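Biologist: Please take me on a close walk through the interior packing of this one, a spot at a time. I would like residue names and numbers along the way.

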Amino acid sequence: MAETPLSIGVDFGGTSVKFGVLYRSNIIDQAPAISTPDFDGPDALIEAMLRVIGDLRDRHPRVEAIGVGVPGFVHFEKGIVHNLTNVPGWTAIPLKKKLSDATNLPVIVENDANCMAYAEWKRGAGRGLNHLIALTLGTGVGGGVVANGKMVRGAQFGAGEIGQMSIDWQGRRGAYGNLGALEDYVGNNEIAADARQTYGEGGLERHLPDCTPASLAKAALNGDETALAIWDGIAAKLATAIMNCCWLLNPQAVIIGGGVAKAGDILFNPLTAHLYAQLSAPFKEHLMILPARFGNEAGMVGAAALALEESGVVLQP
């Protein structure tokens, strides 16, 4: 450990900002999270972030880079946050410059789903692969793409947003005006609302807490036929989006994480069946559907690892 540099990973969420010091993919120290809504505007929150980062550097002087994962649209090269999901006031904020000027350290700012994809590619389920798709299924659906051994970011650094891909050209209108976005069918809240309606159509009353992905997974494991059918429908919708990605990108693996993925085989078995039914042999014979290695810490791990690489440090396996 003495020969390997450390980095700080920052997981910026809609409700809290979490901080960790990482040695490779291991979080060796953490600071108390700070509450995002407690601060009036970006400047005050950035000052609070710098205080926490300073405390961590005092304890770990060998920190050589800082990585920040944010839930929004980011200009990766410039480190400008164009907007943040559920955090008002964060428009065109040069977060990379503000943090690097204050700390005199290399800083990267990246979309949190890309951080998750990077963590799984470099240190997780996709280690050693050159072509993969990573999905995180929670309140929203985030995605990241690795092709030819490189992260795919796109002309405006907005590539990989699989949650915004349409699975129905006449479907529900999403937050960005797009119709039938995957996120509007397999996000936590949408799953619960649709499940409640499905139970109701069968003459069974269920409250929303009984229809969360965790509750539905438990019900399915206990043999609830309606819950099993709901999970089959979720798998079919997810398979449609992944199928499109496979025909476009021909990945070696699809890595799936996030809270919804905790359903395990209840999701993965029908997902594999629906997906393979829509792919030709050369695609599906070499395609792996894998659960993510990292859980809630994936964004922090990916941001910290990416920060070191962008600063010129190459970690050995």
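**Cysteines, helix contacts and the residues around them**

Modeller: Happy to. C211 is buried, as its relative accessible area is 0%. Please keep in mind that this is a predicted model. C246 is buried too, with a relative accessible area of 1%. What about a bond for C246? The closest cysteine sulfur to that of C246 belongs to C245, and at 6.9 Å it is too far away for a bond. A disulfide needs the two sulfur atoms within 2.5 Å, and the structure as a whole holds zero disulfides.

Now to the helices. Two packed helices are described by the angle between their axes and the distance between the axes. Take helix 7, residues 225-249, and helix 8, residues 265-276: their axes are 8 Å apart, and the two pack at an angle of about 50 degrees. Helix 7 and helix 8 are therefore oblique to each other, and their crossing is right-handed. On the helix 7 side, the contact is made by L228, W231, D232, I234, A235, A236, L238, A239, I242 and M243. Facing them from helix 8 are I266, L267, P270, L271, H274 and L275. Sorted by class, the residues of this contact come to 14 nonpolar, one polar and one charged.

Next, helix 3 and helix 10. Helix 3 covers residues 112-123, and helix 10 covers residues 298-310. The axes of helix 3 and helix 10 come within 7 Å and cross at roughly 75 degrees. An angle of 65 to 115 degrees counts as roughly perpendicular, so that is how helix 3 and helix 10 stand to each other. D112, C115, M116, Y118, A119 and K122 are the helix 3 residues in this contact. They meet A298, G299, V301, G302, A303, A305, L306 and E309 of helix 10. By class, the contact of helix 3 with helix 10 has nine nonpolar, two polar and three charged residues.

Two residues help to fill in the surroundings here. N114 sits in helix 3 and is buried, with a relative accessible area of 3%. Apart from neighbours within four places in sequence, N114 is in contact with G143, G144, M151, R153 and A159. F294 is in the loop that runs between strand 12 (288-291) and helix 10. Is F294 buried or exposed? F294 counts as buried, at 7% relative accessibility. Setting aside neighbours within four places in sequence, F294 is in contact with S25, A119, E120, R123, G124 and V301. Among these, A119 and V301 also appear in the contact of helix 3 with helix 10. As for longer-range spacing, F294 and L137 are 157 residues apart along the chain, and their C-alpha atoms are separated by 13 Å.

The third helix pair is helix 1, residues 42-59, with helix 2. Their axes are 11 Å apart and the packing angle is about 40 degrees, which makes helix 1 oblique to helix 2. The crossing here is right-handed. From helix 1 the contact takes D43, I46, L50, I53 and R57, and from helix 2 it takes L95, K98, L99, A102 and T103. These residues divide into six nonpolar, one polar and three charged.

Leading from strand 6 (80-84) to helix 2 (95-103) is a loop that holds A92. The backbone of A92 is worth a glance: phi is near 55 degrees, a positive value in a residue other than glycine. F157 likewise has a positive phi, of about 65 degrees, although it is not a glycine. F157 lies in the loop between strand 10 (150-151) and helix 4 (183-186). Buried means under 20% relative accessible area, and F157 is therefore buried at 14%.

Let me finish at helix 4, where E183 is located. E183 is partly exposed, with a relative accessible area of 22%. What does E183 touch? Not counting residues up to four places away in sequence, E183 touches G140, V141, G163, Q164 and E190. The partner G163 is 20 residues from E183 along the chain, yet the C-alpha atoms of the two are separated by 4.7 Å.

How values were computed:
Residues are numbered from 1 along each chain as its sequence is written. This is a predicted model: local features need pLDDT of at least 70, side-chain atom pairs count only at pLDDT 80 or more; totals for chains, interfaces and linings use all residues. Side-chain values use heavy atoms; hydrogens and water are left out. Axes are lines fitted to C-alpha atoms, for helices over the stretch in contact, and angles run from 0 to 180 degrees between N-to-C directions. Helices (H or I, at least four residues) and strands (E, at least two) are DSSP runs, numbered from the N terminus. Angles under 35 degrees count as roughly parallel, over 145 as roughly antiparallel, 65 to 115 as roughly perpendicular and the rest as oblique. A crossing is left-handed if the near helix is turned anticlockwise from the far one by less than a right angle, and right-handed if clockwise. Contact means heavy atoms within 4.5 Å. Ala, Val, Leu, Ile, Met, Phe, Trp, Tyr, Cys and Pro count as nonpolar, Asp, Glu, Lys and Arg as charged, and the others, Gly among them, as polar. Buried means under 20% relative accessible area, exposed over 50%, partly exposed in between (1.4 Å probe, protein chains only).
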